[in-house]
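Here are my notes for you, written as numbered points. Keep the structure open while you read, and find each residue as it comes up.

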Amino acid sequence: MKKFCIMGFLLLLLPLLAACVSDFDGSRTGNDRELIMSYRMFNTTDSQELTVAAGDNIHVEITAERGQISLTIQRDGETPLYQAEEIASSDAFDLQANKDGTYTVSVTGKKAKGAISVVVQK
């Protein structure tokens with residue numbers, strides 16, 4: 001009987017312990033000109049809308065320490081300006097917007113540790 005009580009207690013405790021695992025542990029700043037994230041654990045999806053004018057430069061910096069991220073930068077309903085899956089290495093690059101509009105930056109992490117910065121520059 002004592003074994004059944006212990007087993008029952010452990011079965012009840014397991015979901016509670018699993019719920020303590022965080023999908024995001026870090027900092028995030030976002031507005032209509034930038035998305036800046038630094039994370040010790042990123043295991044979810046986050047997005048930010050940026051206001052971009054034609055000819056604006058979008059500067060992207062990715063710091064990958066562990067895990068993988070996927071990044072998409074896309075103007076509403078159009079082909080993505082940039083899209084990459086399972087990024088596991090650090091990189092920095094610039095993109096040039098060819099149209100005015102709202103661009104959505106979507107970042108998905110898979111057990112990722114690192115940082116990402118997407119900044120609109122005139």
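1. Which residues in the largest nonpolar core touch the most other members? They are V60, I69, L71, I73 and I116, out of 25 residues in that core. Bear in mind throughout that this is a predicted model.

2. Now see where the core comes from. The elements that give two or more residues to this core are strand 2 (34–42), strand 3, strand 4, strand 5 (82–87), strand 6 (91–96) and strand 7. Strand 7 gives the most, with seven residues.

3. Take I73 as a worked example from that list. Setting aside neighbours within four places in sequence, I73 is in contact with I58, V60, P80, L81, Y82, L95, Y103, T104, V105 and V118. Click through these one by one; V60 is a name you have already met among the core residues.

4. Step back to the whole chain. There are one helix and seven strands, and reading along the sequence gives you the pattern α-β-β-β-β-β-β-β. Of the 122 residues in the chain, 29% are buried. Among contacts with a separation of 6 or more, 67% are between residues 24 or more positions apart.

5. Next, look for empty space. Searching the whole structure turns up one cavity of 30 Å³ or more, and the largest cavity holds about 40 Å³ of space. It has 13 lining residues, and the closest to its centre are Y39, A64, R66, I69 and A112. Notice I69 there, since I69 also appeared in the core list.

6. Who supplies that lining? Strand 4 (57–75) and strand 7 (101–121) are the elements that give two or more residues to the lining of the largest cavity. Strand 4 has the largest share, with eight residues. By type, the lining residues split into six nonpolar, four polar and three charged.

7. D46 deserves a stop. You will find D46 in strand 3 (residues 45–52). Is D46 buried or exposed? D46 counts as buried because its relative accessibility is 19%, and the cut-off for buried is under 20%. The side chains of D46 and R28 are joined by a polar contact of 2.5 Å. Not counting residues up to four places away in sequence, D46 touches R28, M37, V105, S106 and V107. V105 is also on the contact list of I73.

8. Compare that with D56, which is found in the loop between strand 3 and strand 4. D56 has 4% relative accessibility, so D56 counts as buried. Leaving out residues up to four places away in sequence, D56 touches R33, L95, Q96, A97, V120, Q121 and K122. L95 may ring a bell, as L95 is in contact with I73 too.

9. Finally, check the backbone. Most residues other than glycine have a negative phi. Which way does E86 go, positive or negative? E86, in strand 5, has a positive phi of about 50 degrees although it is not a glycine. K111 is another one to look at: phi of K111 is near 50 degrees, again a positive value in a residue other than glycine. K111 lies in strand 7, and K111 counts as exposed because its relative accessible area is 57%.

Methods. Residues numbered from 1 in each chain as written. Predicted model: local features only at pLDDT ≥ 70, side-chain atom pairs only at ≥ 80, totals over all residues. Heavy atoms only, no water. Helix = DSSP H or I, 4+ residues; strand = E, 2+ residues; numbered from the N terminus. Buried < 20%, exposed > 50% of the residue type's maximum accessible area, 1.4 Å probe, protein only. Polar contact = N/O pair within 3.5 Å; in protein donor to acceptor, adjacent residues only side chain to side chain. Contact = heavy atoms within 4.5 Å. 1 Å grid on protein atoms, 1.4 Å probe; cavity = no way out; pocket = protein on both sides within 12 Å on 5 of 7 lines; lining within 4 Å. Points joined across faces, edges and corners; volume = space filled by probe spheres on them. Nonpolar A, V, L, I, M, F, W, Y, C, P; charged D, E, K, R; others polar. Core = buried A, V, L, I, M, F, W, Y, C linked by side-chain atoms within 4.5 Å.
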